[in-house]
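Here is a short briefing on one protein model. Take a look at the structure first, then read on.

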Amino acid sequence: MQLYPLSYYDDQANGYTLIKTVPLSSAMGAEIQGVHLPTMSDAQFAQVKSALYRYKMVYFRDQNLTIADQEKLTLRFGPFGTDAYTKGMPGHPNVQHLLKEASTKVDRVFGEGWHTDSPFLAQPPAVSLLYGIHIPPYGGDTWWTNSELAYDFLSEGLKALLQGLRVHMTAREAIRLTVRKDAQGKEIVGDMQMVMQEQEEMIRGNYHPLVRTHPETGKQALYVDTIYAQGILGLKDEEARPLLDYLARHITREDFCCRLRWTAGTLVMWDNRICLHKAFNDYDGHKREMIRTIVNGEVPF
Ligand code: SIN
């Protein structure tokens, strides 16, 4: 597959004067240099947001953030989003502690399988922020894929067919595949205790546009993944399934992806409206500890 000409995806610098962007792959992702996140000016933040919409995910190395720094940074985008799976950290209800101890062995880690964050909600998170505290010596990378680029690469015929369809986003499979009970009967994923009072609501989910429009850029992107997208409004399951399977294969082509090797002190932000991501379960015997926050999003349109 040839990603160029650049009309499909322009990864060139965009006249940023207050930040430096270094593209990660030809399809998406960029490191932003020259920014200290806790003291970032409003003018720098405006360029960071622009870079986020352009590259879909951006990351900053060597940030040395406290939880309060990450909370403040998240709130610059807007109010915290709802995390349906956990109740946050003590004293920090909007901060999720992603932890897998060296001794823990699990079938699936939190975030495994290509997904966009909590699309079963009426207002799924717009932006997610993940900060690396303890990183295994190898493994534990994260992969992203560019769902705007994947949409651009569809034929005009299929694009026309998809317009107006609504995808059923439900947490049914995510719960079935990842949530286990510990010895006390508490629901866990890895070493994280899940608090999912709203399980029925999560499974009922929501119907969202299968092709969604970004509220800031006006660009369209596929809104489909391999975990939560489980049906299409008005179609029988045997009609929807092959279409969803095809779109899932298409959107996760390696050509549309980038993969990040974490280091302690790296902060990543990604735009859930225009990319998917997945975690890896490949670091048994090593601890991985991350801090995650999310920004509330709009009702997808
Ligand atoms: C997530 O899905 O939010 C977590 C990704 C990761 O841990 O790499």
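Which residues surround the ligand? They are L98, G111, H115, L130, T142, W270, H277, A279, R288 and R292. Keep in mind that this is a predicted model.

**The ligand and its shell**
- The shell residues divide into four nonpolar, four polar and two charged.
- Strand 17 (275–279) and strand 18 each supply at least two residues of this shell.
- H115 has a polar side-chain atom 3.1 Å from an oxygen atom of the ligand.
- In the side chain of H277, an N or O atom is 3.0 Å from an oxygen atom of the ligand.
- R292 places a polar side-chain atom 3.0 Å from an oxygen atom of the ligand.
- The ligand taken alone exposes 260 Å², and the protein buries 99% of that.

**The sheet**
- Seven strands form an open sheet with mixed pairing. Their order is 1-2-3-16-5-18-4.
- Strand 1 (20–23) and strand 4 (96–100) stand at the edges. Each has a single partner strand, so one side of each is left without a neighbour in the sheet.
- From one strand to the next, the twist averages 25°.
- Strand 1 pairs with strand 2 (residues 30–33) in the antiparallel sense, over four bridges. T21 has I32 in strand 2 as its bridge partner.

**Helices on the sheet**
- Helix 1 (residues 42–55) lies across strands 1, 2, 3, 5 and 16. Helix 1 runs at about 130° to strand 3 (57–60).
- Helix 2 (residues 67–77) also packs on the sheet, touching strand 5, strand 16 and strand 18 (288–295). The direction of helix 2 makes about 30° with that of strand 18.

Technical notes:
Residues are numbered from 1 along each chain as its sequence is written. This is a predicted model: local features need pLDDT of at least 70, side-chain atom pairs count only at pLDDT 80 or more; totals for chains, interfaces and linings use all residues. Side-chain values use heavy atoms; hydrogens and water are left out. Two strands pair if DSSP finds at least two bridges between them. Axes are lines fitted to C-alpha atoms, for helices over the stretch in contact, and angles run from 0 to 180 degrees between N-to-C directions. Contact means heavy atoms within 4.5 Å. A residue is near a molecule or strand if one of its heavy atoms lies within 4 Å of it. A polar contact is a pair of N or O atoms within 3.5 Å; within protein, one must be able to donate a hydrogen and the other to accept it, and residues adjacent in sequence count only if both atoms are side-chain atoms. Accessible areas come from the Shrake-Rupley method with a 1.4 Å probe; for residues, only the protein chains shown count as cover. Ala, Val, Leu, Ile, Met, Phe, Trp, Tyr, Cys and Pro count as nonpolar, Asp, Glu, Lys and Arg as charged, and the others, Gly among them, as polar.
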